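Biologist: Please take a close look at the salt bridges that tie remote parts of this chain together. Which residues pair up, and where do they sit?

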Amino acid sequence: MERAALLRSITCSTLACNRFFLRSSHRLSLPSASFSSSLSRSHRRSFGTLTRRSVLRRHWRLLPSSSSIPSTRCFSSLSPKAIATSPEQSSPDAVGSQDDLAEKYGFDKVSEQFIQECKSKAVLYKHRNTGAEVMSVSNDDENKVFGIVLRTPPKDSTGIPHILEHSVLCGSRKYPLKEPFVELLKGSLHTFLNAFTYPDRTCYPVASTNTKDFYNLVDVYLDAVFFPKCVEDFQTFQQEGWHYELNNPSEDISYKGVVFNEMKGVYSQPDNILGRTAQQALFPDNTYGVDSGGDPKVIPKLTFEEFKEFHRKYYHPGNARIWFYGDDDPNERLRILSEYLDLFDTSPASSESKVEPQKLFLNPIRIVEKYPAGKGGDLRKKHMVCLNWLLSDKPIELETELTLGFLDHLMLGTPASPLRKILLESGLGDAIVGGGMEDELLQPQFSIGLKGVSEDDIHKVEELVMSTLKSLAEEGFNSEAVEASMNTIEFSLRENNTGSFPRGLSLMLRSIGKWIYDMDPFEPLKYEKPLMALKARIAEEGSKAVFSPLIEKYILNNPHCVTVEMQPDPEKASRDEAVEREILEKVKAGMTEEDLAELARATQELRLKQETPDPPEALKSVPSLSLLDIPKEPIHVPIEIGVINDVRVLRHDLFTNDVLYTEIVFDMSSLKQDLLPLVPLFCQSLMEMGTKDMDFVQLNQLIGRKTGGISVYPFTSSLRGKEYPCSHIIVRGKAMAGRAEDLFNLVNCILQEVQFTDQQRFKQFVSQSKARMENRLRGGGHGIAAARMDAKLNTAGWIAEQMGGVSYLEFLQALEEKVDQDWIGISSSLEEIRKSLLSRKGCLINMTSEGKNLMNSEKYVSKFLDLLPSSSFVEKTTWNGRLSSENEAIVIPTQVNYVGKATNIYDTGYQLKGSAYVISKYISNTWLWDRVRVSGGAYGGFCDFDTHSGVFSFLSYRDPNLLKTLDVYDGTGDFLRQLEMDDDTLTKAIIGTIGDVDAYQLPDAKGYSSLLRYLLGVTEEERQKRREEILSTSLKDFKEFADAIEAAKRKGVVVAVASPDDVDAANKEHPNFFQVKKAL
């Protein structure tokens, strides 16, 4: 119920450990209110801004609604905090009987170890018949995880592993539906359900806290992987991969396919093009030299025969690594697996799928590539340059890998890290590109560069990178920086906060990083010994002796270096489209009338299949829970509300392993309207400018040494039934409970002592923010469209769009020049924001930890509050902003579109009921999934209902269509009116919704969610009422909701982030349908 408000929680802060530990993050409707402003760049399978800090690519299966996916980097995945039975509690007899059962089920025990770091017993088995390897990890973590991972090295860029990853989940031997995967989305309590493709492997993981649900998910996934229908069904290959589409022989032929359009979106983003170019150039001689995700120019060369053969060759148990984790019965795991594995014999797949290492170059190389750019602006300052090294001709041992990861953090992990700081302060570019150290593939790489570079400065950037690395090798790092990095790394390891990403999956991905290459799967799980050895070595030899030789060996003296220069090309997008049209025209010209009639018939036949529901008997084959399995009450988070120094304090007594989490909330409602766009930069300035006594590097290092991180960001939401929105600045921090005093002292220092005097740093913030917003436009256009529609419909949406939408981008573009012209005015505006915010009046403190820690922290809270001004310097103000309501097209250079339509259904008289959650999820998982994604060829389509504002919105993602998608949205009311569903279908819809409402949370997230409920006025009584309404949802509720949805058809606002050609075509078909705004 709190989701929509989180849409507007914009992070503008910095925490070193997130850049170091996160490989990716995602939440469709919940952009992270996390601790980092530079979330790692990743390509993933869910909606959300897709960013990735490296040349590596994962393709995550796109869900209509999905959970946050921070996939982990070098350390955080190593230590899931599961409270497990200790090893001595297992008796010899029990161990013996487990071994006997393993023998009975056809498994030999290879090794057994107790992993102290994650309090888990881990057993490695090998299946006798097939050679399949199984890691069975047992502990007391209720969030159970299963994963099956296959080595799938492609030989070309047709995207075959990626298309197969989509396709195997489209029906199987036991579950002969069109998409059992979607049925699981609709009706299970999964805490994770997805699939993703790496450059050399494909992963199929699931997770659930409910044991019955968990084993249902496992069975569907095992059957999908080993016995998919897609290898016999050409239409699934066409739908998920590619096909020619022709609605009428007189029309033009076009390409369609979910993966085809997904990758068109990927290849529209400069950062992704850079990453792909770098990876393929670093690895010209092995499988990493092609694109496992698929190049849109090459995907149409893939044949159905090649597709089937790839599955036959690699989807065999002998080529699989299988993972179980959690508190379920380890014997039951083996029993379930044996039912599948015993059906197979041995196979050469494991030897045929081996990834050969890339030999190191004798000389560096240089590559110049073009990327699609907008036709406006100064293109001379839109170049990118990145230096990339392959560090070794073979995998490196764990201790060296850990040391390199530590070195990466020292050089790049925080805004104060020297390589990052020097590059950004040089003024040669707007933002960092390249992800530093990457170790997910067989051989590690290091990449660094800048974007927003002037053509004349390309070589200056290269020289600056090399001279800075040489200087670091010669001079080393100061002791404060090393201590800060060590504390950050250790804190993150011991806290092991994986967000809503299951800890067991985080652990699996870390283990797989070695296991998939036939190395020890246990070793990556054990960080304690190598970490202590590294600390001892630094203490004994000094950090320079540890790190300088690594810089010299792996970078400075390493000839295997690829420099990639990216040049903006305003004609590239239209040129690529013209080439595609020419190819398709030749295809059509080579067809007879009979061929064209047959293609039109096949197009219609495929669409009919896509839009025809599965028969009830097929739907019943997918296992599901009953409503009796669902708790009748919502998850309760303990809360005690008290007062310290006239300020309200919320306390949540939860086990946090001695970590104190706190949020300090300030009222933003007294801020002048014209200062709103400055708020994100104000937040960044607090974190990244210095005080009278410390420069920002010293302050950053102090935060790293004493805490687990501090962040500052704005939070805005509508309040249901109220005219004015809820708007706050939130300061989040975490530290070991024994450091509580340091934490509150540092928060006070950031808020009250930071000086807004560094003009050049502020100018960097503006350039970085502009670069991030431009990246969001290209890769997360659905989020931009959603924010823009909200801004047309309510004040809270307008505020959020001023701080994170197209309006914000326009503000930044103007501010870049203004910094030089009126720095004194800007500096005083930042000070004015501080004065209007900092006050005990309207302040709120939220704390989550064990009871004793909460009690001990009160004196530090009291001292912190004493130091705050007692009242605000500024009177309360009223914001009346709202964008005009005409339909709008935000035009960018792209090959795909992001199409939105929204209305406020409370304006129709609709009164909120819990059934709305069930209905909106059902619309996403059925009508929109089938029509926008499956039939329309978009990567995704979904709807979202902000229950606080009443805004109901439709959105599509990487969509080849524009007006056709709007027609689908307009058909939603009729879909609901004509809907018929049996009791099983309705039950699944209800259970799936409860799975979302009861989403698994770690303690810090529970405390934070409780705070948001408090701010938004959501009481426990309302939560119970909504839950009862969800559980009692009926078909009648669906029919009645159709009337509310009809308002979107009649008077909804439309915003599309789209290509110029598609917008022109739409305005020709419907004159003046869109007001056009050029954004890039």
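**Salt bridges across the chain**

Modeller: Lys 988 is buried, and Glu 183 is buried as well (under 20% relative accessible area; exposed is over 50%, partly exposed in between; 1.4 Å probe, protein chains only). The model is predicted: local features need pLDDT of at least 70, side-chain atom pairs count only at pLDDT 80 or more, and totals for chains, interfaces and linings use all residues. Residues are numbered from 1 along each chain as its sequence is written, and side-chain values use heavy atoms, leaving out hydrogens and water.

The side chains of these two residues, Lys 988 and Glu 183, form a salt bridge with an N to O distance of 3.7 Å (a side-chain nitrogen of Lys or Arg within 4 Å of a carboxyl oxygen of Asp or Glu). Lys 988 belongs to helix 35 (residues 983–997) and Glu 183 to helix 5 (residues 180–187), so this pair ties together parts that are 805 residues apart in sequence. Helices (H or I, at least four residues) and strands (E, at least two) are DSSP runs, numbered from the N terminus. Over the whole structure, a search finds 80 salt bridges.

A second pair is Lys 609 with Asp 233, whose closest N and O atoms are 2.5 Å apart. Lys 609 is in helix 21 (residues 593–611), while Asp 233 is in the loop between helix 6 (211–226) and helix 7 (234–240), so the contact joins parts 376 residues apart in sequence. Here the burial of the two partners can be read one by one. Lys 609 is partly exposed, at a relative accessible area of 28%, whereas Asp 233 is buried, at 14%.

A third salt bridge brings the side chains of Lys 734 and Glu 495 together, at 3.1 Å from N to O. This pair also links distant parts of the chain: Lys 734 is in strand 23 (residues 726–736) and Glu 495 in helix 16 (residues 479–495), 239 residues apart. Lys 734 is buried, with a relative accessible area of 5%, and Glu 495 is buried, also with 5%.

Beyond single pairs, Asp 974, Arg 977, Asp 1043, Glu 1046 and Lys 1049 are joined into one network by salt bridges that share partners.

For orientation, an unreviewed UniProt entry carries the annotation "domain: Peptidase M16C associated" over residues 566–815 (positions in the numbering used here, feature names shortened, annotations possibly inferred rather than shown by experiment). Over residues 566–815 the chain is 52% helix and 18% strand, with the end C-alpha atoms 26 Å apart.
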